[in-house]
Amino acid sequence: MRVVNQVERGVVFRWGKALPGYRQPGVTFLIPFADRMRKMNVQVVTMPVPTQEGITRDNVSVKVDAVVYFRVTDPVRAAIEVQDYVFAVGQVAQSSLRSIIGKSDLDDLLSDRERLHEGLALMIDSPAAGWGVHIDRVEIKDVQLPESLKRSMSRQAEAERERRARVITADGEFQAAQQLANASRIMSDTPEAMQLRLLQTVVEVAAEKNSTLVMPFPVELLRYFDRAVKKIDAEVTTESAGAPARPTAGPEPVERP
């Protein structure tokens, strides 16, 4: 009589030959001297993949490490088909990780990891399925870059942020100029708006109470002079247009005797 734990499955060998099925958790009975039982753990195994150094497709040297989550789905095949399924999955994971590094660009390793995870899991799961092992998930934990490349990427990112800042500043100045042009056209059509804007400026300047503002002439007086000058110019233009033209002086006639 033997006991199989909840997280285990029992593979029975009778006279050295594995029986088709496996024993479920609980109490199981074996034939003395004829049966031998091997217990297989069916829990999810978390196995870190050692750091692998490789060259990406765009000729960048990187170091990548990953982690593999897998579990036994067929205890009989895991006990017969492979000597040590944990070691075998680890070796396949290392070779697959090196292969995925050589097929990918650096940008894919840094930003498009989900697709790489799926491709890496598929590469490991293909041979592991024949061993009765199922790959649940594969994740790339860290990508180590050379120091020179890190400095280059930092300069590139800084230049990109500077470009965006300049574009945003220029766009803001352009919009402000458009709004100022629209406001100037409205104020030129409405003189009262210019007067209100002047008074508002006076209020803003006098708010701090640290300066003295002198207004020697009211704006209305300046407008009166402006209208008077325009009126005089119009009258002069009208008089010049209505005056008769003077005859052109020619040579005086000479009397002959």
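Here is a short chat between a visitor and a guide about the model above.

Visitor: What kind of model is this, and what goes into the values?

Guide: It's a predicted model, where local features need pLDDT of at least 70 and side-chain atom pairs count only at pLDDT 80 or more, while totals for chains, interfaces and linings use all residues. Residues are numbered from 1 along each chain as its sequence is written, and side-chain values use heavy atoms, with hydrogens and water left out.

Visitor: Why are β3 and β5 said to stand at the edges of their sheet?

Guide: Two strands (E runs in DSSP, at least two residues, numbered from the N terminus) pair if DSSP finds at least two bridges between them. The open sheet has the order β3-β2-β5, with antiparallel pairing. β3 (17-23) and β5 (35-41) each have a single partner strand, so one side of each lacks a neighbour in the sheet.

Visitor: How do you know that β2 and β3 pair?

Guide: Four bridges join β2 (residues 8-14) to β3, and the definition asks for at least two. Gly-10, for one, stands opposite Arg-23 in β3.

Visitor: What makes a nonpolar core, and which residues touch the most other members in the largest one?

Guide: A core is a set of buried (under 20% relative accessible area, 1.4 Å probe, protein chains only) Ala, Val, Leu, Ile, Met, Phe, Trp, Tyr and Cys residues joined through side-chain atoms within 4.5 Å. The largest has 38 residues, and Val-62, Val-68, Val-89 and Ile-124 touch the most other members. α2 gives the most, with eight residues.

Methods: Buried means under 20% relative accessible area, exposed over 50%, partly exposed in between (1.4 Å probe, protein chains only).
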